[in-house]
Each structure stands twice: as C-alpha cells, then as structure tokens.
Amino acid sequence: MDVVIHQHHQDDGNQEFSKSLQGCEATDLEEKKSIMIKVLNSVGAHEFFSSEMWRATLTELVATACLLFTLTTSIISCLESTTAEPKFLIPFAIFVIAFFFLLTTVPLSGGHMSPVFTFIAALEGVVTPVRALFYVSAQCVGSIVAYLVIESVMDKNAEEKYSLGGCMIDGNGEGISPTNAFILEFSCTFIVLFVGVTVAFDKRRCRELGLQMVCGILAGAMALAFFVSISVTGRAGYAGVGLNPARCLGPSLLKGGRLWYGHWVWRASVAELLGTAVLVFALDTIVISTIQTGTNMPNLILSTLVAIIITILLLATFPISGGHINPIITFAAFLTGLISLSKTFIYILAQCVGAIFGALALKAVVNSEIEKTYSLGGCTLTIVAPGPHGPTVIGLETTQALWLEIICGFVFLFASVWMAFDHRQAKGIGRVSVFIIVGIVLGLLVFVSTTVTATKGYAGAGLNPARCLGPAIVRGGHLWNGHWVFWVGPAIACVAFAVYTKIIPRQLAHTIE
C-alpha cells in the first residue's frame with residue numbers, strides 16, 4: 001500500500017513537472033511570436049498584402065519614368081537652344097515639370113519619385129520600411145525605363161555629348177572632385193529637405209498652405225538648388241547636383257563609362273553597411289552563445305571565434321569597399337591620407353546604420369530574458385547587480401576603460417592594420433595573410449582586455465565604435481553609461497597612429513619587397 005501511494009505521488013509530481021515545462025515552453029513560444037509580430041508590424045510587413053501599396057508602388061514607377069524622361073529631354077533642349085544663358089532656362093523648366101508631377105502624384109502615392117524623399121519619409125515614420133523599399137525599387141526601375149526610352153529616341157551625337165543626360169562629376173576632365181561634389185550634393189539636398197519636405201510632412205501647415213502651394217515650395221527648392229550647383233562651380237564637366245539617386249542610376253547602368261565616376265563610393269558604402277550589420281549580429285551572438293554554454297574558458301573561445309569571423313568578413317568586403325567595417329580603420333585611413341573626407345563620412349555613417357540593423361536582427365531572434373541578461377552583447381563599462389545591501393553598480397572605472405581603448409586601439413592599428421595600408425607589405429605577405437593577421441590581433445586584444453581586468457560588468461575593449469552604438473540605440477539603458485569612451489578612446493588611438501606614420505614615412509620604412 002505504501003509503495004502504491006508513493007508511486008501515485010511520484011506520478012502526480014511528474015505530471016505537474018510536465019505541465020509546468022509545457023507551460024514554460026508555451027510562454028516562451030508565445031513571447032517569441034509576440035516579438036516577431038511586433039517586429040513585422042514595425043517594419044510594415046502587413047503592407048505586402050495591401051493592394052493600395054502595390055498601386056502606389058506602380059504609380060511611383062510610372063511617375064518616376066515620366067518625370068525623368070520629361071526632365072532630361074527638357075534640360076538637353078535648353079542646353080541645345082540658341083539662347084545666350086541656358087542656365088537660366090533650366091531651373092525654370094525644373095520648377096514647372098516638378099510642380100505638375102508633384103501635383104499629380106501626391107494624392108496617389110505621396111509624390112516621392114526620388115529615393116531621397118522616400119528615405120526621409122521612412123525615417124520620419126511617414127511610410128513604413130517595407131513601403132519605402134518597394135518605392136525605391138520602383139523608382140530605380142522607372143529610371144531605367146525612362147533612359148531606355150531616351151536612348152532609343154535620342155540622336156547618337158547628342159547622346160554622346162550629354163552622356164544620356166546622366167549625372168557627371170568630371171566629364172572630359174573639366175569637372176570637380178568627388179569631395180566637392182559630395183559637399184554640394186549634401187548641402188543642396190539638405191536645403192531641399194529643410195525648405196520643402198519640412199513643410200510637406202507637417203499636416204497642419206499643409207492644410208493652411210494648400211496642396212498647390214506646398215508643391216510649389218518643393219519644386220522651387222529643387223530648381224533653386226540645381227541652379228546654385230551649376231552656377232557656383234562654373235565647370236562644364238559637372239552636370240549639377242543629382243538630388244535624386246534614381247535619376248543618376250539609370251544613365252550609369254545604360255551608358256556606363258565616366259557616369260560611374262563617383263558612384264563607386266555609394267556601392268562601397270552598401271558593402272560597409274551590410275558587412276558591419278553581419279559583423280555586429282555575428283559577434284554579439286558569439287558573445288551570448290559563448291557565455292551561455294558555461295565553458296571554463298569563455299574568453300579564449302570568444303577571442304578565437306572573433307578572429308575567424310573578422311577574417312571571413314574582411315575577405316568578403318575587401319574587393320568592394322576595402323574591408324573597413326570599423327570606424328577606427330576608416331578614420332585612421334583618412335588621417336593617413338588614404339581616403340577623402342567625404343568617403344570617410346559616408347563609410348562611418350554606413351557602418352553605424354549597419355550596426356543598428358545588426359542589433360535589430362539580433363533583438364528579433366533572442367528572447368527578452370537573454371536580451372536583458374546580456375544587453376544584446378553590447379559594450380558595457382558597468383552593470384547593476386544585486387548586492388548585500390541592495391542593487392550595486394559593478395564594473396570598470398571610466399579612466400581605466402578609456403586607457404584600454406586607447407592602448408588596444410593603437411596596438412590594433414600598429415600591429416595589423418598598417419600592413420593592409422602599406423601596399424608593399426600587403427603584396428609581399430599576401431592579402432589573405434594580412435586579413436588573418438588582422439583577425440588574430442583583434443582576437444588577442446579582445447582576450448587581453450577581457451582577461452587582464454577580470455572585472456564583472458566590463459565587456460572588454462570595444463575596438464569598433466559602430467558595434468557599440470548599434471546595441472546602445474536598440475537596447476538603450478545602461479549601455480549609454482560611458483558610451484563616449486568607445487568613441488573617444490579609438491579616436492585618440494587613430495590620431496596617435498597617424499602621428500607615428502608621419503614620423504616614420506612609408507618610403508623610408510623597411511618593408512618586404
């Protein structure tokens with residue numbers, strides 16, 4: 001009888017445990033589903049099934065094609081006219097054409113017809129990321145269609161003379177430098193956004209001014225920006241600001257040649273964005289997975305995996321962008337004169353955006369408990385932990401962390417990155433060997449910084465400000481505590497490295513021939 005009762009209680013206990021386990025699994029599954037639904041809603045995945053979105057996308061495609069066809073042929077006609085100052089005709093033509101196209105398409109799709117307006121609308125929350133993606137794709141396709149039509153009807157001599165009406169920076173060697181073109185593009189685009197789009201996105205002001213006045217302001221801002229760009233430079237080889245990446249893409253794909261001059265920076269920036277996104281996602285998942293396994297040597301395993309991941313990503317991105325995927329490398333390359341200021345700005349911006357995307361991807365696949373416990377694998381100086389007298393802050397002092405960032409950053413540049421910067425050494429050793437060395441040095445520095453301090457709450461030297469920024473923006477909270485250290489430390493290291501390279505010029509250094 002006692003045996004039977006004991007067995008009965010044991011069965012009850014097993015059933016209760018099984019129910020508890022099933023309940024935990026169900027809760028965890030529901031939590032994951034809830035997170036996924038939130039993520040999908042936030043990016044606007046539901047619009048994929050919306051007929052209105054597809055109609056608006058088709059409108060963007062047709063409107064962009066018609067706009068660019070009309071705009072390009074009108075500009076070429078103005079230049080071919082016998083008037084003494086065709087530069088005064090072009091802004092007027094741009095104003096009239098843009099005004100009527102905006103007036104027609106705003107009620108149908110919002111009247112974007114440019115990736116610039118779509119991107120700012122997505123950032124402002126006016127359109128969802130999914131809709132923005134479809135709009136930009138439609139605008140690019142519309143641009144290709146427009147210039148295919150122009151190519152089929154344009155005289156071959158005129159096509160050669162005006163490069164199909166594309167965006168030129170330095171035609172026939174009589175244009176401007178990519179840096180000056182970038183500054184003009186940035187300034188003029190900002191003016192258009194500030195003057196025109198600010199009004200267009202403000203519903204109250206739109207109602208007060210009316211649709212016609214808003215379209216007039218926006219068209220006027222574009223015409224003025226274009227006129228300023230072609231007047232202030234006074235260079236025949238410069239075609240003026242693009243103000244519309246899709247407009248510049250179409251002729252470049254069809255005509256190629258000199259139209260691609262200056263375009264490569266943007267292609268390379270996409271590689272930097274994607275490379276940094278993969279880097280952040282991979283490194284942060286490695287951090288979380290290594291600690292989760294409960295191994296006796298998490299720092300050693302983490303460092304080894306970091307070295308492997310870095311090497312692979314460098315091999316993948318180097319042919320396209322030079323394989324920076326790190327603001328430290330980009331800033332050091334700028335200070336040593338290897339890249340321009342404009343390229344530096346674009347690369348670092350792309351790396352920061354990529355880091356945010358990588359952190360968002362990680363947030364979408366981990367549950368809230370892991371996200372909270374490991375802070376999305378972000379860079380931390382301190383954390384709040386339970387203590388004998390309540391919650392207490394543990395970690396590394398800001399001064400110590402800053403010195404670690406400076407020293408580790410300089411060692412990283414001195415011991416590995418300089419080999420990649422020096423073409424003679426890179427050629428003698430081999431690119432693959434250089435990338436392996438960079439990965440190993442970075443892995444060793446991660447191991448040293450996490451081991452030498454032996455301080456809970458400190459995640460080790462960041463050695464990549466963008467990697468620290470992504471989780472900080474997505475997760476927030478204590479990840480912002482002392483976040484400046486992960487930017488200021490590497491910046492000082494880059495300056496020190498640049499000074500070192502000036503003291504010992506490359507042409508006097510002993511290198512492998």
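A residue is called buried when its relative accessible area is under 20%, exposed when that area is over 50%, and partly exposed in between, as computed with a 1.4 Å probe on the protein chains only. At 42% relative accessibility, Phe345 therefore counts as partly exposed, and Phe186, with a relative accessible area of 47%, is partly exposed as well. The model is a predicted one, in which local features need pLDDT of at least 70 and side-chain atom pairs count only at pLDDT 80 or more, while totals for chains, interfaces and linings use all residues. Residues are numbered from 1 along each chain as its sequence is written, and side-chain values use heavy atoms, with hydrogens and water left out.

The secondary structure of the protein consists of 20 helices and 2 strands, where helices (H or I, at least four residues) and strands (E, at least two) are DSSP runs numbered from the N terminus. Of the 513 residues of the protein, 45% count as buried. Among the contacts with a separation of 6 or more, 74% are between residues 24 or more positions apart, a contact being heavy atoms within 4.5 Å.

The aromatic rings offer a way into the fold. Rings of Phe, Tyr and Trp (for Trp, its six-membered ring) pair if their centres lie within 6.5 Å, and planes under 30 degrees apart count as stacked, over 60 as edge-to-face and the rest as tilted. The structure holds 13 aromatic pairs. One of these is formed by Phe186 and Phe345, which meet edge-to-face at 6.1 Å centre to centre with 75 degrees between the planes. Because Phe186 lies in helix H7 and Phe345 in helix H14 (residues 341–365), this pair ties together parts that are 159 residues apart in sequence.

Phe48, Phe49, Trp54 and Phe134 form one aromatic cluster. Within that cluster, Phe48 lies in the loop between helix H1 (2–43) and H2 and is partly exposed, with a relative accessible area of 42%. Leaving aside neighbours within four places in sequence, Phe48 is in contact with Met53, Trp54 and Phe134. The C-alpha atoms of Phe48 and Arg131, which are 83 residues apart along the chain, are separated by 8.0 Å.

From the rings we turn to the nonpolar cores, each a set of buried Ala, Val, Leu, Ile, Met, Phe, Trp, Tyr and Cys residues joined through side-chain atoms within 4.5 Å. In the largest core, which has 44 residues, Ile310, Phe412, Leu413, Phe421 and Tyr458 touch the most other members. At least two residues of this core come from each of H11, H12, helix H13 (327–335), helix H16 (398–421), H18 and helix H20 (485–503), and the largest share, 11 residues, comes from H16. Not counting residues up to four places away in sequence, Phe412 touches Asn326, Ile328, Ile329, Val417, Val438, Val441, Leu442 and Leu445. A second, separate core of 37 residues includes Ile90, Ile94, Tyr238 and Leu243.

Empty space comes next. On a 1 Å grid over the protein atoms alone, a cavity is a set of points where a 1.4 Å probe fits but cannot get out, whereas a pocket is an open set with protein on both sides within 12 Å along at least five of seven lines, and lining residues have an atom within 4 Å of a point. Grid points are joined across faces, edges and corners, and a volume is the space filled by probe spheres set on the points.

The structure holds 2 cavities of 30 Å³ or more, and the largest has a volume of about 250 Å³. Of the 18 residues that line the largest cavity, Leu67, Leu71, Met222, Leu243 and Asn244 are the closest to its centre. Helix H2 (51–80), helix H3 (86–109) and helix H9 (211–233) are the elements that give two or more residues to this lining, with the largest share, 4 residues, coming from H2. The second largest cavity, of about 30 Å³, is lined by Val116, Phe117, Thr189, Val192, Met222 and Leu243.

The second largest pocket has a volume of about 1200 Å³. Of its 43 lining residues, Val287, Ile291, Thr380, Tyr458 and Ala459 lie nearest its centre, and the largest share of the lining, 6 residues, comes from H12.
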